[in-house]
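Hi,

Here is the structure I promised to pass on. Have a look at it first, and then read my notes below with the model open beside you.

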Amino acid sequence: MHCLLVVLLTFGLAVGHTQPQNPLIPGFHPDPSCIFVLDWNDTFFCASSSFNAFPGIPIHASQDLQNWRLIGNALSRPGQLPNLTNAVGGTSGIWAPTIRYHDGEFFILTTLVFDKMDITDTSRWDNIILRTKNPYAANAWSDPVHFSFDGYDTSPFWHEDGTVYVQGSHPWEVSPHIDQMQLDLDTGEATKQVPIWNGTGGLAPEGPHMHLKDGYYYLIIAEGGTGLNHMETGARSRYITGPFTPAPDNPLLTNANTTSYFQTVGHADVFQDSRGNWWGVALSTRSGPEYISYPMGRETVLTNMTWAEGEWPVFQNVSGLIGGPTLPLRPQIRGDGAFITAPDSINFAPDSQLPLHFTYWRIPDPAAYIISPPGHENTLQLFPSLLNLTGFDANSAPTPQTFVGRRQVHSEFVYSVDMDYLPSAPEEEAGVSVFLAQNHHIDFGIVCLTNEPSCADTMTLRIRTTSTTTPARPDTIIPLAAAPSHAMRLEIRADNLTHYIFSYSQGSTGDMVLAGYGLSEDVSWGFTGTMLGVYATGNGQNASTPAYVSRWRYEGVLQVTSESTG
Ligand SMILES: *[C@@H]1O[C@H](CO)[C@@H](O)[C@H](O)[C@H]1NC(C)=O
Ligand SMILES: *[C@@H]1O[C@H](CO)[C@@H](O)[C@H](O)[C@H]1NC(C)=O
Ligand SMILES: *[C@@H]1O[C@H](CO)[C@@H](O)[C@H](O)[C@H]1NC(C)=O
Ligand SMILES: *[C@@H]1O[C@H](CO)[C@@H](O)[C@H](O)[C@H]1NC(C)=O
Ligand SMILES: *[C@@H]1O[C@H](CO)[C@@H](O)[C@H](O)[C@H]1NC(C)=O
Ligand SMILES: *[C@@H]1O[C@H](CO)[C@@H](O)[C@H](O)[C@H]1NC(C)=O
Ligand SMILES: *[C@@H]1O[C@H](CO)[C@@H](O)[C@H](O)[C@H]1NC(C)=O
Ligand SMILES: *[C@@H]1O[C@H](CO)[C@@H](O)[C@H](O)[C@H]1NC(C)=O
Ligand SMILES: *[C@@H]1O[C@H](CO)[C@@H](O)[C@H](O)[C@H]1NC(C)=O
């Protein structure tokens, strides 16, 4: 029998003197890298992987490790990385940023991965350096400096002599190990890659970070692959170039072979707060060992640590409750973005902009998204793309797909929009989606299946699941009686961990009617996490009928943080 332990939500801000809880930064925020910066008003900053999402590399800030605010995205301008368009695959795009602060400046090293290319082709990996002197500024981060590294997960370390050493993962399919080289951050000029550690024998040694403590260089890495065998291991040396001696008690951190609801723990980064306490962040998946329904994918979790002088670091095992010292609450974090668990109430008012936490899939066509066009104030006009959310091959999208969404950050939630849309030709469609990747999404759309006698008289609602790893699901088709108005409210809800519930009302004020279900396991796959959003498409035809989205709402209902078998 399963007994679910749940935690009631505090909306937006943590108040009172509570222990922080995991996930620290819920939803699609994998491969975390975090720092503490005294110079910037005692603030913690975290970066996470964004894959094909754009804007990319969300930057979250906190002053108490409990309240987290999105302060910007390191990739905010299409011109920074036009090649994101050419990243092919559900898990291509931006992998594993490392954020560091050095000498008054913030740096991010990361990799743009062009998937589906020959793995021995070194042009599969485009490694880049981004930097800023003020992470709160609009478009804070620089254009990238590209550097050559055959591999991914590049992470810098500043040696006392001023040299920057970069640690990274050599492609694990070929001959897995951690490589090191010296890098000029201004020019991208690098020395030859040298292998420094093979890890302890787990699959895919990756995500390395170097730390100097008590005269030792500690190399802390992930191994085991990012699934149920994920773990964090370490080695140390008196010299930055090695040889590295593995920790006697590896792995240093893992939830593998446990019954914890938090699985896949690994890809860690460590930092100290102003009082000298050590903390570790890692990615984790709320799946339990069953590992079937985990639509939010790999999230950022925090754990307390002890790191005694001259000793190996000891991480507390990851669970829902975060142990260790409690920091005083400082919830008033500066910044322009939303707090991580805050609800959305967005009306697309004239002269407004889309919030910082809204994301597209790859680089958008700006003409497809117009806020409050004349005659349609307080709406977001979507112009349909030729491609739907799958595209032609479920991987690539040579032309942009019209989609904008936000991350699902709660186990249970309600998301809804008003959609004013009257398709005018067969296959024209607009709606809402639970979107994980092009090969995994559940769409709830208004679609014209036949225009005899006219689309207006044959409008249909359709729930369609796209998944390449679970059994095919039949479409749910709901013919609509000729509507008094073609404005509808579309809602996606999760009341439990296994199902999404799709409902609608005709007219934006009518009672909600159940349309059908989607299964969370169909959007549990790969490296990303679900987004909830709106789309418009001609399903492979050039369509021209815009859809008008208004009254965008998202509200968290429940965060499930622990599941025990009893
Ligand atoms: C885009 O990627 C291709 C293939 O790796 C490369 O030849 C080209 O220089 C890249 N363009 C930019 C602007 O980085
Ligand atoms: C790492 O593995 C390679 C083979 O892939 C081997 O040649 C090398 O000796 C190993 N290095 C260490 C330090 O064990
Ligand atoms: C989990 O258990 C399996 C099977 O005993 C073992 O091969 C694996 O190394 C274990 N993983 C970790 C991280 O301990
Ligand atoms: C973490 O859990 C493992 C068992 O999975 C246990 O061996 C280890 O001692 C625990 N570590 C801590 C710091 O509690
Ligand atoms: C983490 O904090 C708890 C108290 O909240 C403490 O019992 C535990 O020893 C700490 N773990 C480590 C590894 O320091
Ligand atoms: C520093 O942080 C505190 C607490 O969050 C805040 O009240 C203060 O305004 C901040 N100061 C600056 C200069 O940002
Ligand atoms: C989860 O919700 C779905 C849809 O309401 C329902 O069919 C299913 O029985 C629920 N599962 C559990 C375990 O309650
Ligand atoms: C997406 O469009 C293609 C045609 O471009 C079509 O074959 C496919 O069925 C559509 N997929 C979905 C999920 O509607
Ligand atoms: C869609 O329009 C583009 C640009 O006008 C054209 O190149 C393409 O052939 C059209 N595609 C279809 C399926 O009609």
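Let's begin with one residue, Y415. Setting aside neighbours within four places in sequence, Y415 is in contact with V432, L490, E491, I492, L532, G533, V534, W552, R553 and Y554. You'll find Y415 in strand β29. Is Y415 buried or exposed? Its relative accessibility is 0%, and since buried means under 20%, Y415 counts as buried. For a sense of scale, try selecting Y415 and H170: they are 245 residues apart along the chain, and their C-alpha atoms are separated by 41 Å. Keep in mind throughout that this is a predicted model.

Now the bigger picture. The domain assignment splits the protein chain into domain 1 (25–315) and domain 2 (344–565). The C-alpha centres of the two domains lie 32 Å apart. How many residues of each domain are in contact with the other? It's 43 from domain 1 and 39 from domain 2.

The nonpolar cores come next. The largest one has 88 residues, and Y415 turns up again here: F45, I59, Y415, M419 and V534 are the members that touch the most others. This core takes at least three residues from each of domain 1 (25–315) and domain 2 (344–565). There is also a second, separate core, with 18 residues, including A247, A268, V301 and M305.

On to the aromatic rings. The count comes to 31 aromatic pairs. Take F157 and Y217, which form an edge-to-face pair with 6.0 Å between the ring centres and 85° between the planes. This pair links distant parts of the chain, with F157 in strand β11 (residues 152–158) and Y217 in strand β16 (residues 216–223), 60 residues apart. F157 is buried, at 9% relative accessible area, and Y217 counts as buried too, at 5%.

Compare that with Y291 and Y294, a stacked pair whose centres are 4.4 Å apart and whose planes differ by 10°. Why is this pair called stacked? Because planes under 30 degrees apart count as stacked, and the angle here is 10°. Y291 is partly exposed, with a relative accessible area of 25%, whereas Y294 is buried at 10%.

Some rings gather in a group: F28, F51, W95, W125, Y152 and F527 form one aromatic cluster. Rings can also have a charged neighbour. R334 lies over the face of Y136, at 4.0 Å from the ring centre. Likewise, the charged end of R406 sits over the ring of Y554, 3.8 Å from its centre. You have met Y554 already, as one of the contacts of Y415.

Last topic: salt bridges. Side chains of opposite charge can pair when their charged atoms come close. How many salt bridges does the structure hold? There are 18. Here are three to look up:

- R131 and D186 meet through their side chains at 3.0 Å, N to O. They link distant parts of the chain: R131 is in strand β9 (residues 125–132), while D186 is in the loop between β13 (177–182) and β14 (194–197), 55 residues apart. D186 is exposed, with a relative accessible area of 57%.
- D418 and R489 form a salt bridge at 2.5 Å, N to O. D418 belongs to strand β29 (residues 412–420) and R489 to strand β34 (residues 487–494), and the two are 71 residues apart. D418 counts as buried at 9% relative accessibility, and R489 does as well at 8%.
- R493 pairs with E491, with 3.1 Å between the closest N and O atoms. R493 counts as partly exposed at 24% relative accessibility, but E491 is buried at 11%.

One of these belongs to a network: salt bridges that share partners join E105, R131 and D186.

If you want a single place to start clicking, go back to strand β29. Y415 is found there, and so is D418, one end of the salt bridge to R489. From Y415 you can then step across to E491, one of its contacts, and on to R493 through the salt bridge.

Have fun exploring!

Notes: Residues numbered from 1 in each chain as written. Chains lettered and ligands numbered in written order. Predicted model: local features only at pLDDT ≥ 70, side-chain atom pairs only at ≥ 80, totals over all residues. Heavy atoms only, no water. Phe/Tyr/Trp six-rings, centres within 6.5 Å; stacked < 30°, edge-to-face > 60°. Helix = DSSP H or I, 4+ residues; strand = E, 2+ residues; numbered from the N terminus. Buried < 20%, exposed > 50% of the residue type's maximum accessible area, 1.4 Å probe, protein only. Lys NZ or Arg CZ within 6 Å of the ring centre and 35° of its normal. Core = buried A, V, L, I, M, F, W, Y, C linked by side-chain atoms within 4.5 Å. Domains from an automatic or database assignment. Contact = heavy atoms within 4.5 Å. Salt bridge = Lys/Arg side-chain N within 4 Å of Asp/Glu carboxyl O.
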